[in-house]
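Reader: Could you take me through one part of this model in detail? I would like to look closely at the sheet and at whatever surrounds it.

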Amino acid sequence: MNTIEIFGIDESQWRCPSCVTAKRICEEGQVQYTFTGVIERGEDGMPIFDVDQLRDIAERAGFKTLRITYPVIFINNELCRLKDFRQKLFDLGYDVDVF
């Protein structure tokens, strides 16, 4: 069983087209995944960042800063870029269309 984790911005907080795409790829291919939102909207409408979580993500991914582009995807604890996500899932045997 593969473990697929997606960290990003939930559409209930703000719109992140890349996060929506990552989740759509999983849903279309019936791939089980977990999605964790990393930013919440404060009462004043400003973003609230979970800095501890961002540090953990950056460390796992090998990022040098907390300036992170979302989504951050891990497959079996290995970083996978969105541009490679569909192909990686296909290579793992999931029924996703590869363009």
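Author: Happy to! Let's start from a single pair of residues: E5 has T34, in β2, as its bridge partner. That pair belongs to the contact between strand β1, residues 4–8, and β2, where 4 bridges join the two strands and the direction is parallel. Please keep in mind that this is a predicted model.

Now step back to the sheet as a whole. It is an open sheet of 4 strands, in the order β2-β1-β5-β6, and its pairing is mixed. As a general reminder, strands of a sheet pair through backbone hydrogen bonds, either parallel or antiparallel. Here β2 (34–37) and β6 stand at the edges; each has a single partner strand, so one side of each is left without a neighbour in the sheet. Between neighbouring strands of this sheet there is an average turn of 25°, direction ignored.

Next comes the helix that lies against these strands. Helix α1, residues 17–28, packs on the sheet and touches β1, β2 and β5. The direction of α1 makes about 160° with that of β1. In the loop that leads from α1 to β2 you will find Q30, and the backbone there deserves a look: phi of Q30 is near 55°, a positive value in a residue other than glycine.

On the way to β5 there is another backbone detail. The loop between α2 (51–61) and β5 holds P71, and the peptide bond from Y70 to P71 is cis, with omega near 5°.

Y70 and P71 also take us to the largest pocket, since both are among the residues that line it. Their companions in the lining include F63, R67, V72, I73, C80 and L82. Two elements give two or more residues to this lining, namely β5 (72–75) and β6 (78–80). So what is the volume of the largest pocket? It is about 180 Å³. For its chemistry, the lining counts 9 nonpolar, 1 polar and 2 charged residues, with R67 and R81 among the lining residues.

Finally, here is how the part fits into the chain. There are 3 helices and 6 strands in the chain, and from the N terminus on they run β-α-β-β-β-α-β-β-α. The radius of gyration is 14 Å, close to the 13 Å that the globule rule gives for 99 residues, so the chain is as compact as a globular protein of that length. Along the principal axes, the C-alpha trace spans about 45 × 25 × 25 Å.

Key:
Residues numbered from 1 in each chain as written. Predicted model: local features only at pLDDT ≥ 70, side-chain atom pairs only at ≥ 80, totals over all residues. Heavy atoms only, no water. 1 Å grid on protein atoms, 1.4 Å probe; cavity = no way out; pocket = protein on both sides within 12 Å on 5 of 7 lines; lining within 4 Å. Points joined across faces, edges and corners; volume = space filled by probe spheres on them. Nonpolar A, V, L, I, M, F, W, Y, C, P; charged D, E, K, R; others polar. Pairing = 2+ DSSP bridges. Axes fitted to C-alpha atoms, helices over the stretch in contact; angles between N-to-C directions. Contact = heavy atoms within 4.5 Å. Rg over C-alpha atoms; globule rule 2.2 N^0.38 Å.
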